[in-house]
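Here is a walk through the fold, piece by piece. Keep the viewer open and click along as the sections go by.

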Amino acid sequence: MKIIRVKARNPFGRTKIPGASFVINQYIGCGHGCKYCYARFMCRFYDYGEWGEWVIVRENLPELIRGRFVNGWVYMSSISDAYQPIEAEIKLTRRILQNMNKNIRLRVLTKSDLVLRDLDLFREFRCMEVGLTINSFDEGLRREIEPNAPSMEKRFKALKKLHDAGIRNYGFISPVIPTLTDLEYIIEQTKDFVGYYIIEFLNLKASGAFRFWLKENYPKSFEILINKSMLGRVVSNVHRILARHKVMVRGIIVHPQSL
C-alpha cells in the first residue's frame, strides 16, 4: 500500500449526497479495494496505481477541524472509508472525532467493524448515526470483489453492537446486484437491531471495469440491470419485501444503467 501524506486546507466540503450538506474525507482512496466502487474514478486524478493500491492521508485534518462548526449533516466519507485498514495504525479518524465540535450532526458509513473502537467518542455527539455497508455475498464472492474488507458476519455483528451501545445505526445495502443479493436474508438477519436502511442498486455506469467482469461472470445479473422492465420487476419485489417486514427505509436508489 502506497501512503501519500498531504496537508489539507479545509476539513469540510459541500456535497449533493442526499441527507447531507457537507462531507469530510480524511483519506482519499481506500485500502478495501472493492472492484465495484464508484470512487475508482479518483484514479484519473491521482497517478499512484490501481484502486486499492494507494491512499492519500490528509494528516492535518485533526488540527484544522478544531473549533470549526457547520450547520447541517456531515457525511464521513465519500471517496474513502474512514475505517479502512490503515486507520487501525494511523488513527486519523479517531483524532478527528476527538477534536470535532460535538454539536455537529455526523453520519458515518463504513465497511469495517473497526468502527466499534470509537464507541466512546460517538456517545459524545449530540446527533450521530453510524452505518455499515452490508450485503449477502458469500465469502468466496466477497473476497473476490471486496478483497480487503471485513466479512459480512463481522459487519452484521458491528451493527448489533452499535445498537446495544445506544448508537443510532443504519444498514446501507449496497450494491444490490440481482441474483447475487438476497435482500430478504439481509433484512431477516438485521432488522431487530438496525435503525433504518438505505438500499442502492449497482451503478453500472460508474463501476468501471466491474461491468465487464459482471457481464462475463454473472450474465443474468448484468442482463437484469440493463433491462428496464426486468429491473423494474426486481425493484417492485424489493418494495414488497420491505413492506412485509415493516422496516424503516430512507431511500431506494436505482441508477440509470446506460452504458
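## The three-stranded sheet

In this predicted model, one open sheet is built from 3 strands in the order S1-S5-S4, with mixed pairing. Its edges are strand S1 (2-6) and strand S4 (27-28), each of which pairs on one side only.

S1 and strand S5 (residues 54-58) run in the parallel sense and share 5 bridges. If you want a spot to zoom in on, Arg5 stands opposite Val57 in S5.

## The eight-stranded sheet

There is also an open sheet of 8 strands, again with mixed pairing, and its order reads S2-S3-S6-S7-S8-S9-S10-S11. Strand S2 (13-14) sits at one edge and strand S11 (249-253) at the other, each pairing on one side only.

Strand S3 (residues 22-23) and strand S6 (residues 74-76) are parallel partners over 2 bridges. Within that pairing, Phe22 has Val74 in S6 as its bridge partner. Further along the order, helix H6 (residues 152-164) lies across S8 and strand S9 (168-176), and H6 runs at about 160° to S8.

## Two buried residues

Thr133 belongs to strand S8. Is Thr133 buried or exposed? Its relative accessible area is 5%, so Thr133 counts as buried. Leaving out residues up to four places away in sequence, Thr133 touches Leu109, Thr110, Lys111, Arg155, Phe172 and Ser174.

Phe125 is a loop residue, placed between helix H4 (119-122) and strand S8 (127-134). Despite the loop address, Phe125 is buried too, at 7% relative accessible area. Which residues does Phe125 touch, not counting residues up to four places away in sequence? They are Leu97, Met100, Asn101, Lys102, Ile104 and Leu106. For a longer-range reference, Phe125 and Lys7 are 118 residues apart in sequence, and their C-alpha atoms are 26 Å apart in space.

## Helix H10 and its partners

Two packed helices are described by the angle between their axes and the distance between the axes. Start with helix H7 (residues 183-190) and helix H10 (residues 228-245): their axes come within 10 Å and cross at roughly 20°. H7 and H10 are therefore roughly parallel to each other, and their crossing is right-handed. On the H7 side, the contact involves Leu183, Glu184, Ile187 and Glu188, which meet Val238, Ile241, Leu242, Arg244 and His245 in H10. Sorted by class, the contact of H7 with H10 comes to 5 nonpolar, 1 polar and 3 charged residues.

Now look at helix H9 (residues 219-226), whose axis comes within 5 Å of the H10 axis and crosses it at roughly 95°. That angle makes H9 roughly perpendicular to H10. From H9, the residues Lys220, Glu223, Ile224, Leu225 and Ile226 meet Lys228, Met230, Leu231 and Val234 in H10. The contact of H9 with H10 splits into 6 nonpolar and 3 charged residues, with no polar ones.

## Cis peptide bonds

Which peptide bonds should you check for omega? One is the bond from Met76 to Ser77, which is cis with omega near 5°. Ser77 lies in the loop between S6 and helix H2 (87-90).

Another cis bond runs from Ser174 to Pro175, with omega near -10°. Pro175 is found in strand S9, and Ser174 is one of the residues that Thr133 touches.

## Positive phi away from glycine

Lys91 is not a glycine, yet its phi is positive, at about 60°. You'll find Lys91 in the loop between H2 and helix H3 (92-99). With a relative accessible area of 37%, Lys91 is partly exposed.

Lys246 is another residue other than glycine with a positive phi, here near 55°. Lys246 has its place in the loop between H10 and S11. How does Lys246 count, buried or exposed? Its relative accessibility is 75%, so Lys246 counts as exposed.

Technical notes
Residues numbered from 1 in each chain as written. Predicted model: local features only at pLDDT ≥ 70, side-chain atom pairs only at ≥ 80, totals over all residues. Heavy atoms only, no water. Axes fitted to C-alpha atoms, helices over the stretch in contact; angles between N-to-C directions. Helix = DSSP H or I, 4+ residues; strand = E, 2+ residues; numbered from the N terminus. Parallel < 35°, antiparallel > 145°, perpendicular 65-115°, else oblique. Left-handed = near helix turned anticlockwise from the far one by under 90°. Contact = heavy atoms within 4.5 Å. Nonpolar A, V, L, I, M, F, W, Y, C, P; charged D, E, K, R; others polar. Buried < 20%, exposed > 50% of the residue type's maximum accessible area, 1.4 Å probe, protein only. Pairing = 2+ DSSP bridges.
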